[in-house]
Amino acid sequence: MSFKFVTNEDFVWFTAATRHRTPPHWLDGEIPAGTEAHPVVFVSAEDADAYCAWAGRRLPTDEEAAAVDATRPPFLWEWTSTTENASRVVRCGSWTDRTWNLRASYRVRLDPAYRDVYTGFRCTRKEQANG
């Protein structure tokens, strides 16, 4: 799995190719100046799924994200492909959370259409790892 979050620059290529909606803080569909290399935020799980499919990849499962996140300090909520009770699991917490939330094991469930400034995503290979 990639340690690199999908960036604004990555996401703009996707939106240009597919006419998918851009994040709401991109005025006139333009990346805010100086944030091209920043992780894309204000994206829903549905947006993340669409991007990963376009890129020939997929969102990681909750378990895959937890395994990778244990090796790096968390700084951004991350969408996963794991669904629980019609919600999607997000992992890790963000730079605005209390210290006890900043751990790989911290997870919450959100509506798949939810978007905010603290949540991004990574993609992983198309096939899912076994056991």
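**Reading a sheet, a helix and a core**

Tutor: Let's start with two strands: β1 and β2 (residues 87-91) run antiparallel, and four bridges join them. Keep in mind that this is a predicted model.

Student: OK, so how do I read strand pairing?

Tutor: In general, strands of a sheet pair through backbone hydrogen bonds, and they can be parallel or antiparallel. Here, look for Trp-79, which stands opposite Val-90 in β2.

Student: In what order do the strands of the open sheet lie?

Tutor: The order is β3-β2-β1-β4, four strands with mixed pairing. At the edges you'll find β3 (107-110) and β4 (119-120), each pairing on one side only.

Student: Now the helix. Why do the buried residues of α2 line one face?

Tutor: General idea: an α-helix has 3.6 residues a turn, so residues three or four places apart point the same way. In α2, the buried residues are Ala-45, Asp-47, Ala-48, Tyr-51 and Cys-52. Looking down the axis of α2, they fall within an arc of 155°, so they line one face of the helix.

Student: What do those buried residues pack against?

Tutor: They pack against α1, β1 and β2. Check the start of α2 too: a side-chain oxygen of Ser-44 comes to within 3.2 Å of the backbone nitrogen of Glu-46. Just after the helix, Gly-56 has a positive phi of about 75°.

Student: Which residues have the most contacts inside the largest nonpolar core?

Tutor: Phe-11, Val-40, Tyr-51, Trp-79 and Phe-121, in a core of 18 residues. At least two residues each come from α1 (8-18), α2 (45-54) and β1 (77-84), and α2 gives the most, with four.

How values were computed. Residues numbered from 1 in each chain as written. Predicted model: local features only at pLDDT ≥ 70, side-chain atom pairs only at ≥ 80, totals over all residues. Heavy atoms only, no water. Core = buried A, V, L, I, M, F, W, Y, C linked by side-chain atoms within 4.5 Å. Buried < 20%, exposed > 50% of the residue type's maximum accessible area, 1.4 Å probe, protein only. Pairing = 2+ DSSP bridges. Arc of directions from axis to C-beta. Contact = heavy atoms within 4.5 Å. Polar contact = N/O pair within 3.5 Å; in protein donor to acceptor, adjacent residues only side chain to side chain.
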